[in-house]
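Hi,

Here is the structure I said I would pass on. Have a look at it first, and my notes on what turned up follow underneath.

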Amino acid sequence: MIRAKFKVAVYDVTVVILVLPNMIDLEKIVLKKTKSSIDTDRVEGITFAWGNSEYVVAFEQDKLSHNLINHELFHLTKSITEHIDITDEESQAWLMGFLSENVYRVLKKKGFTIEK
């Protein structure tokens, strides 16, 4: 399992990146941390908020692809900006780029090469 985090200082949030062998592991992590459940059936990636200032983006390791990463980062961008009432596309596009750079930096540092 890979776990990393980074700050998005301009929006005062933290992003937690998880790369897991399977999504059942994510269910266990969420249950342990929040005492609640999360539905990960037929899911290769998922994005959700833990409180007001921490967001989680999780990927199933064997399903990792550019499409999956960007799909989840779109959800993450929308979640962060909608929570603070930002609807400006330029701000959302900037955030999407920032998130993408940081997620790919983390994946590269952890030895992942995305080929699909």
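To start with the charged side chains: there are 3 salt bridges in this structure. Keep in mind as you read that this is a predicted model.

One of the salt bridges brings Lys 5 and Glu 54 together, at 3.8 Å from N to O. That pair connects distant parts of the chain, since Lys 5 sits in strand E1 (residues 2-8) and Glu 54 in strand E4 (residues 54-60), 49 residues apart. How buried or exposed are the two ends? Lys 5 is partly exposed at 47% relative accessibility, whereas Glu 54 is buried, with a relative accessible area of 14%.

Another salt bridge joins the side chains of Asp 12 and Lys 7, with 3.5 Å between N and O. Here Asp 12 counts as exposed, at 53% relative accessibility, and Lys 7 as partly exposed, at 46%.

Then there is Lys 78 with Glu 82, where the closest N and O atoms are 3.5 Å apart. Both of these residues belong to helix H2 (residues 66-83) and are 4 residues apart, about one turn of the helix. Lys 78 has a relative accessible area of 27%, which makes it partly exposed, and Glu 82 is partly exposed too, at 49% relative accessibility.

Now the sheet. It is an open one made of 4 strands, ordered E1-E2-E4-E3, with mixed pairing. At the edges are E1 and strand E3 (45-49), each of which pairs on one side only. On average, neighbouring strands in this sheet are turned by 15° against each other, if you ignore direction. As background, strands of a sheet pair through backbone hydrogen bonds, and they can do so parallel or antiparallel.

I spent some time on E3 and E4. These two strands run antiparallel, and 5 bridges join them. If you want to follow the register in your viewer, Ile 46 has Ala 58 in E4 as its bridge partner, and Ala 49 stands opposite Tyr 55 in E4. The hairpin of E3 and E4 has 4 residues between the strands, and Gly 51 takes a positive phi near 80° in this hairpin.

So why is E3 largely enclosed by the rest of the structure? The reason is that 4 of the 5 residues of E3 are buried. This is an edge strand, pairing on one side only, but helix H1 (residues 23-34) lies across E3, along with strand E2 (13-20) and E4. The angle between H1 and E4 is about 155°.

Helix H3 (residues 89-109) also packs against strands: it lies across E1, E2 and E4, running at about 145° to E1. That takes us to the aromatics.

The count of aromatic pairs comes to 4. Among them is the edge-to-face pair of Phe 6 and Phe 98, whose centres are 6.3 Å apart and whose planes are at 65°. With Phe 6 in strand E1 and Phe 98 in helix H3, this pair ties together parts that are 92 residues apart in sequence. Phe 6 is buried at 7% relative accessibility, while Phe 98 is partly exposed at 23%.

Phe 98 also pairs with Trp 94, this time stacked: 5.3 Å centre to centre, with 15° between the planes. Trp 94 and Phe 98 are both in helix H3, 4 residues apart, which is about one turn of the helix. As for accessibility, Trp 94 comes out as partly exposed, at 44%.

Which residues make up the aromatic cluster? Phe 6, Tyr 11, Trp 94 and Phe 98 form one cluster together.

If you only have a few minutes, these are the spots I would open:

- the salt bridge of Lys 5 and Glu 54, which links strand E1 to strand E4
- the hairpin of E3 and E4, with the positive phi of Gly 51
- the aromatic pair of Phe 6 and Phe 98, which ties strand E1 to helix H3

Cheers

Key
Residues numbered from 1 in each chain as written. Predicted model: local features only at pLDDT ≥ 70, side-chain atom pairs only at ≥ 80, totals over all residues. Heavy atoms only, no water. Salt bridge = Lys/Arg side-chain N within 4 Å of Asp/Glu carboxyl O. Buried < 20%, exposed > 50% of the residue type's maximum accessible area, 1.4 Å probe, protein only. Pairing = 2+ DSSP bridges. Axes fitted to C-alpha atoms, helices over the stretch in contact; angles between N-to-C directions. Contact = heavy atoms within 4.5 Å. Phe/Tyr/Trp six-rings, centres within 6.5 Å; stacked < 30°, edge-to-face > 60°.
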